[in-house]
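This report describes the surroundings of a bound ligand in a protein model. Please look at the sequence and the structure before reading on.

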Amino acid sequence: MTSRPMMPGVVVIGAGQAGGRAIEALRGHGFQGPITLIGSEPHLPYERPALSKEMLLDTASETIAWVRPADWYAAENVRLLLGATATSIDRDARAVSLNNGTVVFYDTLILATGASPRALPVPGGDHPRCHTIRTLEDSRSLRTHFVPGARIVVVGAGFIGLEAAAAATSHGCAVTVLEAGSRVMARGVPPRISSLYAALHRSHGVELHFGVGITAITGPENAPVVECADGTSIPADAIVVGIGVVPEDGLAVACGLAVDGGIVVDEHGRTTDPAIYAAGDVTRHYNPLFGLSLRLESWQNAQNQAIAIARNIAGQNIVYAEVPWFWSDQYGVNMQITGLPTPGATTIERGDIDGFNGLLLEMTGNRLVCAIGLNATRDLRFAKQIISLGVDVDPAKLADPGVKLADLLRELKSR
Ligand SMILES: Cc1cc2nc3c(=O)[nH]c(=O)nc-3n(C[C@H](O)[C@H](O)[C@H](O)COP(=O)(O)OP(=O)(O)OC[C@H]3O[C@@H](n4cnc5c(N)ncnc54)[C@H](O)[C@@H]3O)c2cc1C
(Lines give C-alpha, C1' and ligand atoms only; values in the text may rest on other atoms or scores of the structure.)
Protein backbone atom coordinates (compact mmCIF):
# COMPACT_ATOMS: atom_id res chain seq x y z
CA MET A 1 0.00 0.00 0.00
CA THR A 2 1.20 3.54 -0.79
CA SER A 3 2.23 5.42 2.32
CA ARG A 4 0.19 8.23 3.74
CA PRO A 5 1.44 11.73 2.85
CA MET A 6 1.96 14.28 5.63
CA MET A 7 -1.07 16.36 4.62
CA PRO A 8 -3.38 14.52 2.26
CA GLY A 9 -5.99 17.32 2.38
CA VAL A 10 -9.51 17.08 1.03
CA VAL A 11 -10.60 14.30 -1.28
CA VAL A 12 -13.87 14.57 -3.19
CA ILE A 13 -15.55 11.47 -4.61
CA GLY A 14 -17.88 12.42 -7.44
CA ALA A 15 -16.99 14.97 -10.12
CA GLY A 16 -20.54 16.21 -10.65
CA GLN A 17 -22.15 19.52 -9.77
CA ALA A 18 -21.82 19.14 -5.99
CA GLY A 19 -18.23 17.89 -6.20
CA GLY A 20 -17.24 20.72 -8.53
CA ARG A 21 -18.93 23.43 -6.48
CA ALA A 22 -17.44 22.09 -3.25
CA ILE A 23 -13.93 22.44 -4.68
CA GLU A 24 -14.64 25.89 -6.07
CA ALA A 25 -15.94 27.01 -2.66
CA LEU A 26 -13.04 25.43 -0.76
CA ARG A 27 -10.60 27.55 -2.74
CA GLY A 28 -12.94 30.54 -2.66
CA HIS A 29 -13.08 30.39 1.13
CA GLY A 30 -9.39 30.14 1.69
CA PHE A 31 -8.67 26.42 1.89
CA GLN A 32 -5.10 26.13 0.63
CA GLY A 33 -4.36 22.46 1.30
CA PRO A 34 -4.25 19.69 -1.31
CA ILE A 35 -7.50 18.80 -3.09
CA THR A 36 -8.10 15.62 -5.08
CA LEU A 37 -11.18 15.08 -7.24
CA ILE A 38 -12.15 11.51 -8.15
CA GLY A 39 -14.82 11.04 -10.83
CA SER A 40 -16.13 8.02 -12.73
CA GLU A 41 -17.03 10.10 -15.76
CA PRO A 42 -14.16 11.15 -18.03
CA HIS A 43 -15.33 14.78 -17.80
CA LEU A 44 -14.73 17.74 -15.56
CA PRO A 45 -17.76 18.61 -13.41
CA TYR A 46 -20.75 19.91 -15.35
CA GLU A 47 -24.36 20.79 -14.62
CA ARG A 48 -27.06 18.42 -15.84
CA PRO A 49 -30.32 20.39 -16.38
CA ALA A 50 -29.52 21.09 -20.06
CA LEU A 51 -29.21 17.36 -20.78
CA SER A 52 -33.00 16.95 -20.98
CA LYS A 53 -33.68 20.48 -22.28
CA GLU A 54 -31.37 22.53 -24.53
CA MET A 55 -29.23 19.55 -25.53
CA LEU A 56 -32.28 17.62 -26.75
CA LEU A 57 -33.95 20.64 -28.30
CA ASP A 58 -30.91 21.81 -30.24
CA THR A 59 -29.46 18.66 -31.71
CA ALA A 60 -27.13 20.60 -34.03
CA SER A 61 -24.96 22.13 -31.33
CA GLU A 62 -24.40 21.81 -27.64
CA THR A 63 -23.46 24.15 -24.87
CA ILE A 64 -22.13 22.35 -21.85
CA ALA A 65 -22.46 24.09 -18.50
CA TRP A 66 -19.04 23.29 -17.06
CA VAL A 67 -18.75 24.19 -13.38
CA ARG A 68 -15.24 25.56 -14.12
CA PRO A 69 -13.04 25.45 -17.23
CA ALA A 70 -10.10 23.02 -17.33
CA ASP A 71 -7.46 25.68 -16.73
CA TRP A 72 -9.11 26.68 -13.44
CA TYR A 73 -8.36 23.27 -11.90
CA ALA A 74 -4.73 23.51 -12.98
CA ALA A 75 -4.41 27.07 -11.67
CA GLU A 76 -5.98 26.07 -8.34
CA ASN A 77 -3.75 23.03 -8.05
CA VAL A 78 -6.56 20.48 -7.95
CA ARG A 79 -5.44 16.93 -8.60
CA LEU A 80 -7.87 15.34 -11.05
CA LEU A 81 -8.46 11.61 -11.11
CA LEU A 82 -11.15 11.40 -13.78
CA GLY A 83 -12.41 8.21 -15.39
CA ALA A 84 -11.70 6.47 -12.08
CA THR A 85 -14.24 5.00 -9.69
CA ALA A 86 -13.84 4.85 -5.93
CA THR A 87 -14.53 1.29 -4.85
CA SER A 88 -14.08 1.41 -1.08
CA ILE A 89 -13.35 3.67 1.86
CA ASP A 90 -11.14 2.63 4.76
CA ARG A 91 -12.23 4.99 7.53
CA ASP A 92 -9.51 3.90 9.98
CA ALA A 93 -6.72 4.51 7.46
CA ARG A 94 -8.59 7.49 5.94
CA ALA A 95 -7.99 6.05 2.51
CA VAL A 96 -10.04 5.57 -0.65
CA SER A 97 -9.33 2.74 -3.09
CA LEU A 98 -10.00 3.21 -6.78
CA ASN A 99 -10.84 0.68 -9.47
CA ASN A 100 -7.46 1.35 -11.14
CA GLY A 101 -5.53 0.20 -8.07
CA THR A 102 -4.72 3.71 -6.80
CA VAL A 103 -5.13 4.47 -3.11
CA VAL A 104 -5.85 8.06 -2.14
CA PHE A 105 -5.51 9.29 1.45
CA TYR A 106 -7.56 12.07 2.99
CA ASP A 107 -7.83 14.27 6.04
CA THR A 108 -11.38 15.16 5.06
CA LEU A 109 -13.52 13.29 2.57
CA ILE A 110 -16.50 14.65 0.63
CA LEU A 111 -18.99 12.20 -0.84
CA ALA A 112 -20.70 13.78 -3.84
CA THR A 113 -21.62 10.64 -5.72
CA GLY A 114 -25.08 11.80 -6.82
CA ALA A 115 -27.70 9.40 -8.03
CA SER A 116 -28.22 7.00 -10.90
CA PRO A 117 -31.31 6.51 -13.04
CA ARG A 118 -33.49 3.57 -12.11
CA ALA A 119 -33.46 0.94 -14.85
CA LEU A 120 -36.75 -0.46 -16.15
CA PRO A 121 -37.21 -3.53 -13.94
CA VAL A 122 -38.67 -5.85 -16.60
CA PRO A 123 -37.24 -8.44 -19.01
CA GLY A 124 -35.55 -6.53 -21.81
CA GLY A 125 -35.24 -3.41 -19.64
CA ASP A 126 -31.60 -3.26 -20.77
CA HIS A 127 -32.55 -3.20 -24.47
CA PRO A 128 -29.98 -1.06 -26.35
CA ARG A 129 -32.71 1.35 -27.41
CA CYS A 130 -33.76 2.01 -23.78
CA HIS A 131 -32.26 5.37 -22.82
CA THR A 132 -31.94 7.04 -19.45
CA ILE A 133 -30.69 10.63 -19.15
CA ARG A 134 -27.97 11.37 -16.61
CA THR A 135 -24.75 12.00 -18.48
CA LEU A 136 -23.56 13.93 -21.52
CA GLU A 137 -23.22 10.64 -23.36
CA ASP A 138 -26.80 9.64 -22.46
CA SER A 139 -28.14 12.88 -23.89
CA ARG A 140 -25.97 12.73 -27.02
CA SER A 141 -27.00 9.17 -27.69
CA LEU A 142 -30.73 9.82 -27.21
CA ARG A 143 -30.82 12.87 -29.44
CA THR A 144 -29.61 10.90 -32.45
CA HIS A 145 -33.10 9.34 -32.43
CA PHE A 146 -34.93 12.68 -32.40
CA VAL A 147 -35.61 12.86 -36.13
CA PRO A 148 -38.91 13.60 -37.89
CA GLY A 149 -41.29 10.67 -37.76
CA ALA A 150 -39.30 8.67 -35.19
CA ARG A 151 -41.47 6.82 -32.68
CA ILE A 152 -40.36 7.77 -29.20
CA VAL A 153 -41.93 6.04 -26.20
CA VAL A 154 -41.36 7.71 -22.84
CA VAL A 155 -41.84 5.53 -19.78
CA GLY A 156 -42.61 7.69 -16.76
CA ALA A 157 -44.31 11.09 -16.80
CA GLY A 158 -41.95 12.82 -14.39
CA PHE A 159 -40.00 15.99 -15.12
CA ILE A 160 -37.20 14.42 -17.15
CA GLY A 161 -39.49 12.14 -19.17
CA LEU A 162 -41.78 15.06 -20.01
CA GLU A 163 -38.91 17.36 -20.95
CA ALA A 164 -37.67 14.64 -23.30
CA ALA A 165 -41.18 14.23 -24.70
CA ALA A 166 -41.44 17.99 -25.33
CA ALA A 167 -38.04 18.01 -27.07
CA ALA A 168 -38.91 14.97 -29.19
CA THR A 169 -42.14 16.58 -30.44
CA SER A 170 -40.19 19.68 -31.43
CA HIS A 171 -38.21 17.47 -33.84
CA GLY A 172 -41.38 16.04 -35.36
CA CYS A 173 -41.26 12.71 -33.54
CA ALA A 174 -44.39 10.73 -32.72
CA VAL A 175 -44.32 10.62 -28.94
CA THR A 176 -46.16 8.29 -26.58
CA VAL A 177 -45.84 8.72 -22.82
CA LEU A 178 -46.72 5.77 -20.58
CA GLU A 179 -47.26 6.49 -16.90
CA ALA A 180 -48.04 3.90 -14.21
CA GLY A 181 -49.80 6.45 -11.98
CA SER A 182 -52.84 8.58 -12.64
CA ARG A 183 -51.27 11.96 -13.44
CA VAL A 184 -48.08 13.65 -14.64
CA MET A 185 -45.32 14.93 -12.30
CA ALA A 186 -47.30 13.55 -9.36
CA ARG A 187 -44.37 13.76 -6.92
CA GLY A 188 -43.79 17.44 -7.54
CA VAL A 189 -47.02 19.26 -8.39
CA PRO A 190 -50.69 19.21 -7.35
CA PRO A 191 -53.40 17.70 -9.60
CA ARG A 192 -54.38 21.12 -11.02
CA ILE A 193 -50.91 21.58 -12.54
CA SER A 194 -50.74 17.94 -13.64
CA SER A 195 -53.98 18.38 -15.61
CA LEU A 196 -52.69 21.54 -17.27
CA TYR A 197 -49.47 19.85 -18.35
CA ALA A 198 -51.26 16.72 -19.56
CA ALA A 199 -53.38 18.97 -21.76
CA LEU A 200 -50.31 20.91 -22.90
CA HIS A 201 -48.55 17.71 -24.00
CA ARG A 202 -51.66 16.42 -25.74
CA SER A 203 -52.04 19.74 -27.57
CA HIS A 204 -48.57 19.11 -29.02
CA GLY A 205 -49.63 15.69 -30.26
CA VAL A 206 -48.24 13.55 -27.42
CA GLU A 207 -50.21 10.40 -26.70
CA LEU A 208 -50.44 10.20 -22.95
CA HIS A 209 -51.62 7.02 -21.19
CA PHE A 210 -52.08 6.55 -17.45
CA GLY A 211 -52.26 3.42 -15.31
CA VAL A 212 -49.98 1.57 -17.71
CA GLY A 213 -47.79 -1.27 -16.47
CA ILE A 214 -44.86 -2.37 -18.62
CA THR A 215 -44.18 -6.10 -18.63
CA ALA A 216 -41.25 -6.38 -21.05
CA ILE A 217 -39.25 -4.78 -23.81
CA THR A 218 -38.98 -7.09 -26.77
CA GLY A 219 -37.87 -6.77 -30.38
CA PRO A 220 -34.54 -6.76 -32.19
CA GLU A 221 -31.68 -4.37 -31.42
CA ASN A 222 -32.94 -1.55 -33.65
CA ALA A 223 -36.69 -2.04 -33.26
CA PRO A 224 -37.79 -2.31 -29.64
CA VAL A 225 -41.37 -3.04 -28.67
CA VAL A 226 -42.89 -1.98 -25.37
CA GLU A 227 -45.14 -4.72 -24.02
CA CYS A 228 -47.85 -3.43 -21.69
CA ALA A 229 -49.76 -5.27 -18.96
CA ASP A 230 -53.07 -4.81 -20.81
CA GLY A 231 -51.68 -6.77 -23.77
CA THR A 232 -50.87 -3.75 -25.93
CA SER A 233 -47.57 -3.80 -27.86
CA ILE A 234 -46.08 -0.43 -28.81
CA PRO A 235 -43.27 -0.44 -31.40
CA ALA A 236 -40.67 2.29 -30.96
CA ASP A 237 -37.47 3.65 -32.43
CA ALA A 238 -36.23 4.68 -29.00
CA ILE A 239 -37.51 4.39 -25.44
CA VAL A 240 -36.82 7.02 -22.81
CA VAL A 241 -36.92 5.60 -19.30
CA GLY A 242 -37.64 8.29 -16.72
CA ILE A 243 -38.74 6.43 -13.62
CA GLY A 244 -36.63 8.12 -10.99
CA VAL A 245 -33.15 7.77 -9.57
CA VAL A 246 -31.48 5.92 -6.74
CA PRO A 247 -28.87 7.62 -4.56
CA GLU A 248 -25.30 6.36 -5.10
CA ASP A 249 -24.77 5.58 -1.41
CA GLY A 250 -23.14 2.14 -1.72
CA LEU A 251 -19.67 3.33 -0.62
CA ALA A 252 -21.19 4.90 2.49
CA VAL A 253 -23.17 1.77 3.34
CA ALA A 254 -20.09 -0.41 2.92
CA CYS A 255 -17.95 1.71 5.24
CA GLY A 256 -20.62 1.87 7.93
CA LEU A 257 -21.92 5.44 7.66
CA ALA A 258 -25.57 6.03 8.51
CA VAL A 259 -27.68 5.74 5.36
CA ASP A 260 -31.44 6.08 5.10
CA GLY A 261 -32.43 6.39 1.45
CA GLY A 262 -29.38 8.65 1.00
CA ILE A 263 -26.35 9.35 3.15
CA VAL A 264 -27.52 10.87 6.41
CA VAL A 265 -25.93 14.27 7.08
CA ASP A 266 -26.68 16.92 9.67
CA GLU A 267 -27.40 20.60 8.94
CA HIS A 268 -23.64 21.16 8.56
CA GLY A 269 -23.39 18.44 5.92
CA ARG A 270 -21.48 16.09 8.21
CA THR A 271 -22.02 12.35 8.06
CA THR A 272 -21.82 10.15 11.13
CA ASP A 273 -18.01 10.21 10.69
CA PRO A 274 -16.70 13.73 11.48
CA ALA A 275 -13.99 13.36 8.81
CA ILE A 276 -16.57 12.72 6.09
CA TYR A 277 -19.03 15.21 4.61
CA ALA A 278 -21.55 14.65 1.83
CA ALA A 279 -23.48 16.91 -0.52
CA GLY A 280 -25.97 16.81 -3.37
CA ASP A 281 -28.42 14.19 -4.60
CA VAL A 282 -26.80 11.46 -2.52
CA THR A 283 -27.62 13.06 0.84
CA ARG A 284 -30.53 12.94 3.20
CA HIS A 285 -30.04 16.14 5.13
CA TYR A 286 -31.74 17.66 8.10
CA ASN A 287 -33.40 20.95 7.12
CA PRO A 288 -34.03 23.11 10.21
CA LEU A 289 -36.44 25.38 8.32
CA PHE A 290 -38.89 22.54 7.95
CA GLY A 291 -37.76 20.35 10.87
CA LEU A 292 -37.54 17.48 8.42
CA SER A 293 -34.91 15.32 6.84
CA LEU A 294 -35.00 15.61 3.06
CA ARG A 295 -33.35 14.05 0.04
CA LEU A 296 -33.53 16.49 -2.85
CA GLU A 297 -32.65 16.05 -6.48
CA SER A 298 -32.09 19.62 -7.54
CA TRP A 299 -29.54 22.02 -8.95
CA GLN A 300 -29.92 24.43 -6.03
CA ASN A 301 -29.33 21.73 -3.44
CA ALA A 302 -26.30 20.31 -5.28
CA GLN A 303 -24.73 23.75 -5.46
CA ASN A 304 -25.57 25.30 -2.11
CA GLN A 305 -25.17 22.28 0.11
CA ALA A 306 -21.74 21.78 -1.48
CA ILE A 307 -20.82 25.40 -0.80
CA ALA A 308 -22.00 25.11 2.82
CA ILE A 309 -19.89 22.02 3.54
CA ALA A 310 -16.86 23.54 1.83
CA ARG A 311 -17.15 26.60 4.05
CA ASN A 312 -17.39 24.35 7.10
CA ILE A 313 -14.29 22.45 6.04
CA ALA A 314 -12.57 25.80 5.54
CA GLY A 315 -13.27 26.61 9.19
CA GLN A 316 -16.63 28.36 9.19
CA ASN A 317 -19.79 27.26 10.94
CA ILE A 318 -22.49 27.25 8.28
CA VAL A 319 -25.92 25.72 8.75
CA TYR A 320 -27.39 24.64 5.44
CA ALA A 321 -31.05 25.62 5.62
CA GLU A 322 -32.78 26.54 2.39
CA VAL A 323 -36.23 26.47 0.93
CA PRO A 324 -36.06 23.89 -1.88
CA TRP A 325 -36.29 25.18 -5.43
CA PHE A 326 -36.53 23.34 -8.73
CA TRP A 327 -37.51 24.18 -12.29
CA SER A 328 -38.61 22.48 -15.48
CA ASP A 329 -38.89 23.80 -19.03
CA GLN A 330 -41.45 22.29 -21.38
CA TYR A 331 -42.73 23.84 -24.64
CA GLY A 332 -41.33 27.22 -23.73
CA VAL A 333 -43.14 27.26 -20.38
CA ASN A 334 -40.86 27.76 -17.41
CA MET A 335 -42.22 26.11 -14.27
CA GLN A 336 -40.54 26.74 -10.94
CA ILE A 337 -41.42 25.01 -7.71
CA THR A 338 -40.31 26.22 -4.31
CA GLY A 339 -41.03 24.85 -0.86
CA LEU A 340 -42.38 21.41 -0.17
CA PRO A 341 -45.35 20.17 -2.20
CA THR A 342 -47.88 19.12 0.43
CA PRO A 343 -50.73 16.74 -0.39
CA GLY A 344 -54.01 18.01 1.02
CA ALA A 345 -52.84 21.64 1.23
CA THR A 346 -55.31 24.43 0.44
CA THR A 347 -54.49 26.13 -2.85
CA ILE A 348 -54.66 29.75 -3.92
CA GLU A 349 -54.18 30.93 -7.49
CA ARG A 350 -52.67 34.21 -8.57
CA GLY A 351 -52.58 35.32 -12.19
CA ASP A 352 -53.62 33.24 -15.17
CA ILE A 353 -52.75 29.64 -14.35
CA ASP A 354 -54.71 28.30 -17.34
CA GLY A 355 -52.72 30.64 -19.55
CA PHE A 356 -49.43 29.42 -18.02
CA ASN A 357 -48.74 32.74 -16.41
CA GLY A 358 -49.22 32.82 -12.67
CA LEU A 359 -48.64 31.25 -9.30
CA LEU A 360 -50.32 28.40 -7.51
CA LEU A 361 -49.76 28.65 -3.78
CA GLU A 362 -50.16 25.83 -1.27
CA MET A 363 -51.09 26.67 2.32
CA THR A 364 -51.32 24.52 5.40
CA GLY A 365 -53.25 26.57 7.92
CA ASN A 366 -51.93 30.11 7.54
CA ARG A 367 -48.47 29.02 6.42
CA LEU A 368 -47.34 29.20 2.83
CA VAL A 369 -45.57 25.86 2.23
CA CYS A 370 -45.13 25.65 -1.52
CA ALA A 371 -45.43 27.81 -4.62
CA ILE A 372 -45.51 26.75 -8.24
CA GLY A 373 -44.84 29.48 -10.76
CA LEU A 374 -45.64 29.24 -14.45
CA ASN A 375 -43.60 31.82 -16.34
CA ALA A 376 -43.60 33.81 -13.09
CA THR A 377 -39.98 34.01 -11.97
CA ARG A 378 -40.24 37.30 -10.10
CA ASP A 379 -43.28 36.45 -7.98
CA LEU A 380 -41.92 32.97 -7.34
CA ARG A 381 -38.85 34.55 -5.81
CA PHE A 382 -40.97 36.57 -3.39
CA ALA A 383 -43.04 33.50 -2.53
CA LYS A 384 -39.82 31.60 -1.76
CA GLN A 385 -38.78 34.30 0.67
CA ILE A 386 -42.20 34.29 2.32
CA ILE A 387 -41.93 30.53 2.82
CA SER A 388 -38.47 30.90 4.33
CA LEU A 389 -39.77 33.41 6.91
CA GLY A 390 -41.93 30.62 8.36
CA VAL A 391 -44.58 33.06 9.59
CA ASP A 392 -48.37 33.17 9.26
CA VAL A 393 -49.69 34.93 6.17
CA ASP A 394 -53.23 36.14 5.57
CA PRO A 395 -54.58 33.88 2.77
CA ALA A 396 -56.90 36.71 1.67
CA LYS A 397 -53.88 38.89 0.92
CA LEU A 398 -52.18 36.10 -1.01
CA ALA A 399 -55.34 35.63 -3.03
CA ASP A 400 -55.79 39.36 -3.70
CA PRO A 401 -54.31 40.29 -7.11
CA GLY A 402 -54.15 43.89 -5.88
CA VAL A 403 -51.62 42.94 -3.19
CA LYS A 404 -48.12 42.69 -4.62
CA LEU A 405 -46.08 39.82 -3.21
CA ALA A 406 -43.10 42.17 -2.90
CA ASP A 407 -45.16 44.45 -0.63
CA LEU A 408 -46.54 41.53 1.36
CA LEU A 409 -43.01 40.21 1.89
CA ARG A 410 -41.87 43.63 3.10
CA GLU A 411 -44.80 43.79 5.53
CA LEU A 412 -44.09 40.29 6.88
CA LYS A 413 -40.40 41.06 7.34
CA SER A 414 -41.14 44.21 9.30
CA ARG A 415 -43.41 42.46 11.79
C1 LIG B 1 -31.40 15.25 -17.14
C2 LIG B 1 -31.47 16.02 -15.86
C3 LIG B 1 -32.16 17.22 -15.83
C4 LIG B 1 -32.23 17.95 -14.65
N5 LIG B 1 -32.92 19.11 -14.63
C6 LIG B 1 -32.98 19.84 -13.50
C7 LIG B 1 -33.68 21.07 -13.47
O8 LIG B 1 -34.24 21.51 -14.45
N9 LIG B 1 -33.71 21.76 -12.30
C10 LIG B 1 -33.10 21.30 -11.17
O11 LIG B 1 -33.17 21.95 -10.12
N12 LIG B 1 -32.42 20.13 -11.18
C13 LIG B 1 -32.36 19.39 -12.31
N14 LIG B 1 -31.68 18.20 -12.33
C15 LIG B 1 -31.08 17.71 -11.08
C16 LIG B 1 -29.66 18.17 -10.89
O17 LIG B 1 -28.94 18.12 -12.09
C18 LIG B 1 -29.01 17.23 -9.86
O19 LIG B 1 -29.70 17.44 -8.65
C20 LIG B 1 -27.52 17.48 -9.71
O21 LIG B 1 -26.84 17.11 -10.87
C22 LIG B 1 -26.98 16.67 -8.55
O23 LIG B 1 -25.61 16.88 -8.46
P24 LIG B 1 -24.66 15.86 -7.69
O25 LIG B 1 -23.31 16.43 -7.83
O26 LIG B 1 -25.23 15.57 -6.37
O27 LIG B 1 -24.76 14.51 -8.51
P28 LIG B 1 -24.30 14.20 -9.99
O29 LIG B 1 -24.43 15.42 -10.83
O30 LIG B 1 -25.05 12.99 -10.38
O31 LIG B 1 -22.76 13.86 -9.87
C32 LIG B 1 -22.30 12.71 -9.22
C33 LIG B 1 -21.03 12.27 -9.90
O34 LIG B 1 -20.40 11.30 -9.08
C35 LIG B 1 -19.86 10.28 -9.90
N36 LIG B 1 -19.70 9.08 -9.08
C37 LIG B 1 -20.65 8.32 -8.50
N38 LIG B 1 -20.09 7.30 -7.80
C39 LIG B 1 -18.74 7.44 -7.94
C40 LIG B 1 -17.63 6.71 -7.45
N41 LIG B 1 -17.79 5.64 -6.67
N42 LIG B 1 -16.38 7.10 -7.79
C43 LIG B 1 -16.19 8.21 -8.56
N44 LIG B 1 -17.22 8.94 -9.05
C45 LIG B 1 -18.48 8.57 -8.74
C46 LIG B 1 -20.90 10.14 -10.98
O47 LIG B 1 -20.37 9.49 -12.11
C48 LIG B 1 -21.25 11.60 -11.24
O49 LIG B 1 -20.40 12.16 -12.20
C50 LIG B 1 -31.60 17.45 -13.49
C51 LIG B 1 -30.91 16.23 -13.53
C52 LIG B 1 -30.84 15.52 -14.70
C53 LIG B 1 -30.13 14.22 -14.73
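How many Å separate an oxygen atom of the ligand from an N or O atom in the side chain of arginine 48? The separation is 2.6 Å. The model is predicted, so local features need pLDDT of at least 70 and side-chain atom pairs count only at pLDDT 80 or more, while totals for chains, interfaces and linings use all residues. Residues are numbered from 1 along each chain as its sequence is written, and side-chain values use heavy atoms, without hydrogens and water.

The table lists polar contacts of the ligand (pairs of N or O atoms within 3.5 Å).

| Ligand atom | Protein partner | Distance |
|---|---|---|
| oxygen | glutamate 41, N or O atom in the side chain | 2.5 Å |
| oxygen | arginine 48, N or O atom in the side chain | 2.6 Å |
| nitrogen | alanine 86, polar backbone atom | 2.9 Å |

On its own, the ligand has 990 Å² of accessible area, and the protein covers 94% of this; such areas come from the Shrake-Rupley method with a 1.4 Å probe. Elements that give two or more residues to the shell are α1 (17–28), β2 (35–39), α8 (299–313) and β22 (325–330); helices (H or I, at least four residues) and strands (E, at least two) are DSSP runs, numbered from the N terminus. Domain 1 (10–116 + 246–313) and domain 2 (130–243) each supply at least three residues of the shell, with domain bounds taken from an automatic or database domain assignment.

Elsewhere, glycine 158 lies in the loop between β10 (151–155) and α5 (159–170). The C-alpha atoms of glycine 158 and glycine 365 are separated by 29 Å.

Key. Polar contact = N/O pair within 3.5 Å; in protein donor to acceptor, adjacent residues only side chain to side chain.
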